[in-house]
Amino acid sequence: LFSNEAGSGSAPCAAAAAEVSHPAKQGLIQSLGVYIDTLVICSATAFVILLADKTTTEGKTGMSLLQAAMRHHLGEFGVIFIAIVLLLFAFSTFLGILYYAKSNVSFIVEGKLAQNLYKTFALSMLFAGGLSQYLFVWALADMGVGLMTVLNLFAIVPLGKIALDSLADYEENYMNPKTETEKPNEIEQA
């Protein structure tokens with residue numbers, strides 16, 4: 001779930017801003033992201049860990065496990081590489097979530113007071129997260145994403161038929177047009 005946020009309801013915030021000629025195109029791009037994140041990146045990470053010497057990784061969990069496996073394969077460069085990747089992942093995730101939540105707060109509640117309260121809350125959470133043990137922070141993140149996903153199911157299930165109808169329309173009218181004259185004009189629909 002953390003690798004691609006499929007079903008959690010945060011990735012659609014970014015996807016909704018895309019300008020495409022048909023909504024199914026963006027849905028297909030989003031599903032490609034799920035494929036790359038889950039099957040390629042997560043599998044590669046798992047193989048790096050599984051192919052490392054057992055004595056190197058024994059007793060380690062989380063990022064310590066991955067860094068030990070990378071040290072086994074690439075030396076100290078692997079440890080530094082994973083630390084930089086984790087920093088970029090955490091920073092970009094934090095910025096993305098701040099932006100999504102700021103937009104949602106401004107949509108629900110008008111006024112600068114709500115925005116200032118949200119910013120104060122977000123900065124205090126960032127500060128508290130920086131001082132806490134990483135296992136506690138990950139546990140809170142797991143709980144937050146889990147709650148967000150459960151709540152998002154109430155939107156995904158009813159919208160499922162609309163998404164499937166959109167995909168069927170895209171396949172029928174855009175992917176396999178009967179003749180060139182029957183192909184919908186993408187510029188006119190945009």
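On one side of helix α6 in this predicted model, Lys112, Leu113, Leu117, Thr120, Leu123, Phe127 and Leu131 are exposed. The other side of α6 holds its buried residues, which are Ala114, Gln115, Tyr118 and Ala122. Viewed along the axis of α6, the buried residues fall within an arc of 100°, so they line one face of the helix. That buried set packs against α5. The length of α6 can also be checked. Helix α6 covers residues 112-131, and at 1.5 Å a residue its 20 residues should span 28 Å; the end C-alpha atoms are 29 Å apart, which agrees.

From α6 the account can widen to the whole chain. The protein chain contains eight helices and zero strands. Its pattern along the sequence is therefore written with helices alone, as α-α-α-α-α-α-α-α. Of the 190 residues in the protein chain, 16% are buried. Contacts can be sorted by how far apart the partners are in sequence. Among those between residues at least 6 apart, 48% join residues at least 24 apart.

The packing of α6 leads back to α5, and one residue there gives a local view. Leu98 is found in helix α5. Is Leu98 buried, partly exposed or exposed? Its relative accessibility is 21%, and because buried requires a value under 20%, Leu98 counts as partly exposed. Leaving aside residues up to four places away in sequence, Leu98 touches Tyr118 and Ala122. Both Tyr118 and Ala122 belong to the buried residues of α6. Leu123, by contrast, is among the exposed residues of α6. The C-alpha atoms of Leu98 and Leu123 are separated by 9.8 Å, with their positions 25 residues apart along the chain.

Helix α4 can be read in the manner used for α6. Helix α4 runs over residues 62-74, and its 13 residues, at 1.5 Å each, should span 18 Å; the end C-alpha atoms are 18 Å apart, in agreement. The buried residues in α4 include Leu65, Leu66, Ala68, Ala69 and Met70. What covers the buried residues of α4? The cover includes α2 (23-50), α3 (54-57) and α5 (76-108). Helix α5 thus appears both in the cover of α4 and as the element against which the buried residues of α6 pack.

Just after α4 comes Gly75, which takes a positive phi of about 75°. Around this point in the chain there is also a salt bridge. Glu76 pairs with Arg71, and the closest N and O atoms are 2.8 Å apart. Both partners count as partly exposed, Glu76 at 49% relative accessibility and Arg71 at 39%.

How many salt bridges does a search of the whole structure find? It finds two. Besides the bridge of Glu76 with Arg71, there is one in which the side chains of Asp165 and Lys161 meet, at 3.0 Å from N to O. Asp165 and Lys161 both lie in helix α7, four residues apart, which is about one turn of the helix. Asp165 counts as partly exposed at 40% relative accessibility, whereas Lys161, at 57%, counts as exposed.

Helix α7, residues 134-175, also carries Tyr170 and Tyr174, again four residues apart and about one turn of the helix. A search of the whole structure finds three aromatic pairs. In the pair of Tyr170 and Tyr174, the ring centres are 5.5 Å apart and the planes lie at 20°, so the pair is stacked. Both of these residues are buried: Tyr170 has a relative accessibility of 11%, and Tyr174 has a relative accessible area of 9%.

Finally, a database record can be set beside the model. In an unreviewed entry, UniProt lists residues 32-52 and 73-101 under "transmembrane region". In the model, residues 32-52 are 90% helix and 0% strand, with end C-alpha atoms 29 Å apart. Residues 73-101 are 97% helix and 0% strand, and the end C-alpha atoms of that span lie 39 Å apart.

Methods
Residues numbered from 1 in each chain as written. Predicted model: local features only at pLDDT ≥ 70, side-chain atom pairs only at ≥ 80, totals over all residues. Heavy atoms only, no water. Helix = DSSP H or I, 4+ residues; strand = E, 2+ residues; numbered from the N terminus. Expected span 1.5 Å × (residues − 1). Buried < 20%, exposed > 50% of the residue type's maximum accessible area, 1.4 Å probe, protein only. Contact = heavy atoms within 4.5 Å. Phe/Tyr/Trp six-rings, centres within 6.5 Å; stacked < 30°, edge-to-face > 60°. Arc of directions from axis to C-beta. Salt bridge = Lys/Arg side-chain N within 4 Å of Asp/Glu carboxyl O. UniProt positions renumbered as here; feature names shortened; annotations may be inferred.
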